[in-house]
Amino acid sequence: MTQASSSKKVSPLPRPTRRLLCLGIESSANKLGAGIISHTPTGTGKAALVTVLSNVRHTYITPPGEGFLPSDTARHHREWATRVVKEAVRKAGVRISDLDCIAFTKGPGMGTPLQVGALTARTLSLLHGIPLVGVNHCVGHIEMGRHITHSSNPIVLYVSGGNTQVIAYSQQRYRIFGETLDIAIGNCLDRFARVISLRNDPSPGYNIEQEAKKGKRLVSLPYGTKGMDVMLAGILRQIELYTEDARYRGWDALATVQDGDDVITPHDLCFSLQETTFAMLVEITERAMAHVGARDVLIVGGVGCNERLQEMMGIMASERGGRVFATDESFCIDNGIMIAQAGLLAFRMGQTTPVEKTGVTQRFRTDAVHVAWRA
C-alpha cells in the first residue's frame, strides 16, 4: 500500500466525547516505565488532542562487562514498580480513579520482567475497577513514533535490543517485510560493548556510538543481508576476533598509539560495527520502500536514537525524495507512554483484556496484532 492510497481512507477511530486517560506500564527488558496520556476532544471535529501528561522511567544498570539477567531485572522492577507508578500519577496531576484504562506490555520481551508489569497492572485494575488493555511492545513503539513525528504511513524500521524488523502497514496489520534471522541489532551492539568492557550507563549502544566517532579505520566484516532479512551473529563473532588480533590495542594501550601505526583500536571496531550493520539496515529498508512505493521512513526502538543510523537512513531517503522521522531518547527508548498511547487507541475501539487473559508472552509477533484503529 502506498502513502497516497492510504491517505484517502477514513479512520475508523471514534472521536472521544470527553477526556480519556490511560496509564501505560512497560517492563519488557531493563527499563521500567509508567506514563499517563490523555485523548481530548478538540471541538473542531478533527482528531483528538493527544497530550503526554507524564513519562517516568527507571533503568536497571549492570556493571561494565555484564548483561542483565531476567531474574535480577524482575527484582529491580518489583522494587521500583510502586515508586514509578506513583511518580507518573503525581506528575500527571490526576488520581488513579480518574483513569479510563490501564495498559501494560503483554509481550514480546523477557518473561519475568514482563510478569512484574502485568502483575502491577492487574493489581491496580482489581483495586480500582479499571479495565485492562494488553499491548504489543512493538506496536507501542510504532504508534508513539507516528504520533510524535506526525508521519502518516512510512516504512518502519524497528531496531532495539530484542527486535530488528522492517515493517509496512496494510489492511489493519503491521506487516513484517524483513527481520533478523538470529540476534537483534541492539543485542549485537550490547554484547560487543561487553567484549570491550564499555560501561552500561546510560546504555551500551550509546557508548558505542560515542566511541565510533573517534574511529579512523574500517575493518573488514561479513555483510549479512539475506534478501529482506539480516544476520548479525556472524558479524559479532568476527569483530570479537579482532580483539584477539596482534594489531589490537585495548583501552590501556591507546596512549602509546601514534599516527600511522598499523593498529586496530576499540574506536575502530565500534566504527566498523556501526557502519557495516547500519548499511545492512538501510539496504533492506530501501527494498521495502521500493516494494510498497513509500518515500518516508520512521525509525523506532532504542537503537533508533543513534544519530549515525539516522544520518545514513536520511541520505538514502533523500535520494528517493523522502524523509526520515525519529524521536528523541524519551520516546525512542522503552517507556510507559508508548504503551499508554497504543492501549488508549485500542480502548477507544472497544478493545479490553479480561483479567484471566492478561498472561504475558515472550514471543508476540508485531503482525499478530489487529490494528483496528487504522483504516
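The points below describe the fold, surface and nonpolar cores of a predicted model.

1. Secondary structure. The protein chain holds eleven helices and twelve strands.

2. Overall dimensions. The C-alpha atoms fit a box of roughly 70 × 50 × 30 Å along the principal axes. A compact globule of 375 residues would have a radius of gyration near 21 Å, and the protein chain, at 21 Å, agrees with that.

3. Burial and contacts. Of the 375 residues in the protein chain, 53% are buried. Among contacts with a separation of 6 or more, 76% join residues 24 or more positions apart.

4. Surface and charge. The exposed area of the protein chain is about 16,100 Å², and 50% of it comes from carbon and sulfur atoms. There are 41 positive and 35 negative charges, and their mean positions lie 10 Å apart.

5. Largest nonpolar core. This core has 44 residues, of which F192 and L309 touch the most other members. Elements that contribute two or more residues include strand 6 (155–159), strand 7 (164–170), helix 5 (185–195), helix 6 (204–212) and helix 7 (233–242). Helix 8 (266–292), strand 11 (297–300) and helix 9 (307–319) are also on that list. The most comes from helix 8, which gives eleven residues.

6. Surroundings of L309. Leaving aside residues up to four places away in sequence, L309 touches L157, V159, F278, L281, I299 and V303.

7. Another core. Apart from the largest core lies another, made of 34 residues. Its members include M144, I167, A342 and V371.

Technical notes
Residues are numbered from 1 along each chain as its sequence is written. This is a predicted model: local features need pLDDT of at least 70, side-chain atom pairs count only at pLDDT 80 or more; totals for chains, interfaces and linings use all residues. Side-chain values use heavy atoms; hydrogens and water are left out. Helices (H or I, at least four residues) and strands (E, at least two) are DSSP runs, numbered from the N terminus. The radius of gyration is taken over C-alpha atoms; the globule rule is 2.2 Å times the number of residues to the power 0.38. Buried means under 20% relative accessible area, exposed over 50%, partly exposed in between (1.4 Å probe, protein chains only). Contact means heavy atoms within 4.5 Å. Accessible areas come from the Shrake-Rupley method with a 1.4 Å probe; for residues, only the protein chains shown count as cover. Lys and Arg count as positive and Asp and Glu as negative; His and the chain ends are not counted. The place of a charge is taken as NZ of Lys, CZ of Arg, CG of Asp or CD of Glu. A nonpolar core is a set of buried Ala, Val, Leu, Ile, Met, Phe, Trp, Tyr and Cys residues joined through side-chain atoms within 4.5 Å.
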